[in-house]
Amino acid sequence: MPTVKLMPQGIEVMLSKGSSLTDLEFELYGQESIPFGCKVGACGACVIEVIDGVACLGNKTEEEASFLDMLGYSGDSFRLACQCRVNGIATIRAAARNS
Ligand code: FES
């Protein structure tokens with residue numbers, strides 16, 4: 001079953017295949033998770049660093065890649081969590097804020 005491990009908390013959450021990472025808010029209600037905002041790929045609040053399993057979070061669109069570049073997060077390991085669809089096992093953490 002698709003599983004997301006959230007660091008540094010070390011919390012593992014099983015999600016159904018194709019789920020959005022925004023489901024973490026429901027699954028981890030009351031616990032610190034990813035800081036979601038718009039949930040449509042427009043605000044940049046939910047930038048994550050994928051520590052392992054980047055291929056298990058779906059494809060990054062050109063729009064997402066361009067937006068991440070603009071925010072200063074270049075490279076394959078950065079994603080907008082709200083744009084990810086889980087299809088395997090991945091380890092992630094909220095990205096440090098670029099200033
Ligand atoms: S929540 Fe706004 S870009 Fe992901």
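This briefing covers the fold, strand pairing and selected loop residues of one protein chain. The model is predicted: local features need pLDDT of at least 70, side-chain atom pairs count only at pLDDT 80 or more, and totals for chains, interfaces and linings use all residues. Residues are numbered from 1 along each chain as its sequence is written. The protein chain has 2 helices and 5 strands, in the sequence order β-β-α-β-α-β-β. Helices (H or I, at least four residues) and strands (E, at least two) are DSSP runs, numbered from the N terminus.

**Overall dimensions and packing**

- The radius of gyration of the protein chain is 12 Å, which agrees with the value near 13 Å for a compact globule of 99 residues; this radius is taken over C-alpha atoms, and the globule rule is 2.2 Å times the number of residues to the power 0.38.
- The C-alpha trace spans about 30 × 25 × 20 Å along its principal axes.
- Of the 99 residues in the protein chain, 25% are buried (20 or more other C-beta atoms within 10 Å of the residue's own; exposed means 12 or fewer, partly exposed in between, with C-beta atoms placed from the backbone).
- Among contacts between residues at least 6 apart in sequence, 62% join residues at least 24 apart; a contact requires C-beta atoms, placed from the backbone, to lie within 7 Å.

**Strand pairing around β5**

- Strand β1 (residues 3–7) runs parallel to strand β5 (residues 89–94), and 5 bridges join them; two strands pair if DSSP finds at least two bridges between them.
- Within this pairing, M7 has R93 in β5 as its bridge partner.
- Strand β3 (residues 47–52) pairs with β5 in the antiparallel sense, over 4 bridges.
- On the β3 side, I48 stands opposite A94 in β5.

**The loop after β1**

- M7 is followed by a cis peptide bond to P8, with omega near 0 degrees.
- P8 itself lies in the loop between β1 and β2 (11–14).

**The loop between α1 and β3**

- C38 is placed in the loop between α1 (23–27) and β3, and counts as exposed because it has 12 C-beta neighbours inside 10 Å.
- The C-alpha atoms of C38 and C82 are separated by 8.5 Å, with the two residues 44 residues apart along the chain.
- K39 also lies in the loop between α1 and β3, and counts as partly exposed because it has 17 C-beta neighbours inside 10 Å.
- The phi angle of K39 is near 65 degrees, a positive value in a residue other than glycine.

Definitions and conventions: Contact = placed C-beta atoms within 7 Å.
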